[in-house]
Amino acid sequence: MLEEEYQATHRPKEAQRNLPPLQVPFEYTIRDARLQDLPDVREIYNHYVANSTVTFDEKPMTLREIRSKFQHIVKLGMPFLVAESPSEQILGYAYVYPWKEKAAYRFTVENSIYLRAAATSKGLGKALLAELITRSKAAGLKEMIAVIADKGADASIAIHKNFGFKEIGHMGKVGYKFDRWLGTVLMQKSLK
Ligand SMILES: CC(C)(COP(=O)(O)OP(=O)(O)OC[C@H]1O[C@@H](n2cnc3c(N)ncnc32)[C@H](O)[C@@H]1OP(=O)(O)O)[C@@H](O)C(=O)NCCC(=O)NCCS
């Protein structure tokens, strides 16, 4: 072993005591998304497009597409939130989008929540969904629907159940991705 390698792995006790703790606390703030967050939002989402069946998209989302969705949501006065680390990295996002365009559906939205892979299973999903629900109520929305893949989306089903979403339907074999058929579980929560 070279002297430098030895020094790096065998620090004197005194130096070790001054080392920062290995586990850095998981901290974040939740705020409204801004236009400049959208490249990060896109990167987070496209990870799941390429590597999972939690979304049925197969082609990466373009910046133009997410920008136009963001602008539509903001125009409607609906929430589009991001969670940001103390070093200003976007860790995840959540938004609601009109369930359907026809006018009578105007109080009903579909939610969408995606976290950077390294930020999952630490309670951030819970925090973002709680804030999304609060902000949706404040915007006058009445019903929220989650459309969840019936394979490989256990965390999503668990979190929605925990927030009182009730399963209202299951569509089998409506999607085909990575050479297999997939269905969707529909879950609904009243915001009244
Ligand atoms: C789904 C998602 C938003 C959940 O957020 P999260 O921060 O990972 O979850 P949390 O740590 O807040 O945990 C929420 C609940 O889900 C449970 N959970 C988390 N990961 C799980 C898993 N892999 N399987 C089963 N349950 C799981 C937790 O135990 C917790 O329940 P509890 O409060 O009873 O303990 C996040 O995992 C994610 O972004 N996943 C990939 C994208 C995705 O699936 N989005 C939803 C598309 S519909």
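The exercises below, each with a worked solution, go through the fold, the cores, the ligand shell and a few single residues of this predicted model.

Residues are numbered from 1 along each chain as its sequence is written. In this predicted model, local features need pLDDT of at least 70 and side-chain atom pairs count only at pLDDT 80 or more, while totals for chains, interfaces and linings use all residues.

**Exercise 1. State how many helices and strands the protein has, and give their order.**

Step 1: helices (H or I, at least four residues) and strands (E, at least two) are DSSP runs, numbered from the N terminus. Step 2: counted in this way, the protein has 6 helices and 7 strands. Step 3: read from the N terminus on, the elements follow the order α-α-β-α-α-β-β-β-α-β-α-β-β.

**Exercise 2. Check whether the length of helix α4 agrees or disagrees with the expected span.**

Step 1: the expected span of a helix is 1.5 Å times one less than its number of residues. Step 2: helix α4 covers residues 63–75, which is 13 residues, so its span should be 18 Å. Step 3: the end C-alpha atoms of α4 are 18 Å apart, and this agrees with the expected span. Step 4: just after α4 comes Gly77, which takes a positive phi of about 75°.

**Exercise 3. Describe in which sense β4 pairs with β3 and with β5.**

Step 1: two strands pair if DSSP finds at least two bridges between them. Step 2: β3 and β4 run antiparallel and are joined by 7 bridges, and Tyr95 has Ser112 in β4 as its bridge partner. Step 3: β4 and β5 pair in the parallel sense, over 3 bridges, and here Val109 stands opposite Met144 in β5.

**Exercise 4. Find the elements that supply the largest nonpolar core.**

Step 1: a nonpolar core is a set of buried Ala, Val, Leu, Ile, Met, Phe, Trp, Tyr and Cys residues joined through C-beta atoms within 7 Å. A residue is buried if 20 or more other C-beta atoms lie within 10 Å of its own, exposed if 12 or fewer, and partly exposed in between, with C-beta atoms placed from the backbone. Step 2: the largest nonpolar core has 25 residues, of which Leu81, Leu91, Tyr93, Ala94, Leu124, Leu128 and Leu132 touch the most other members. Step 3: at least two residues of this core come from each of α3 (38–51), β2 (80–84), β3 (90–98), β4 and α5, and β3 gives the most, with 6 residues. Step 4: another core of 8 residues lies apart from this one, and its members include Ala146, Ala149, Phe165 and Met187.

**Exercise 5. Decide whether Ala149 is buried or exposed, and list its contacts.**

Step 1: Ala149 lies in strand β5 and counts as buried because it has 20 C-beta neighbours inside 10 Å. Step 2: two residues are in contact if their C-beta atoms, placed from the backbone, lie within 7 Å. Step 3: leaving aside neighbours within four places in sequence, Ala149 is in contact with Thr53, Val54, Leu182 and Thr184. Step 4: Ala149 and Gly175 are 26 residues apart along the chain, and their C-alpha atoms are separated by 8.9 Å.

**Exercise 6. Describe the shell around the ligand by its elements and its residue classes.**

Step 1: a residue is near a molecule or strand if its C-beta atom, placed from the backbone, lies within 6 Å of it. Step 2: 21 residues surround the ligand, and the closest are Leu115, Gly125, Lys126, Ala155 and Ala158. Step 3: β4 (108–115), α5 (124–138), β5 (143–149) and α6 (154–162) each supply at least two residues of the shell, and α6 gives the most, with 6 residues. Step 4: Ala, Val, Leu, Ile, Met, Phe, Trp, Tyr, Cys and Pro count as nonpolar, Asp, Glu, Lys and Arg as charged, and the others, Gly among them, as polar. Step 5: by these classes the shell has 12 nonpolar, 6 polar and 3 charged residues.

**Exercise 7. Explain what is notable about phi at Lys173 and at Phe178.**

Step 1: most residues other than glycine have a negative phi. Step 2: Lys173, in strand β6, has a positive phi of about 45° although it is not a glycine. Step 3: Phe178, in the loop between β6 and β7 (180–190), is not a glycine either, yet has a positive phi of about 50°. Step 4: Lys173 is exposed, because 11 other C-beta atoms lie within 10 Å, and Phe178 counts as exposed with 11 C-beta neighbours inside 10 Å.
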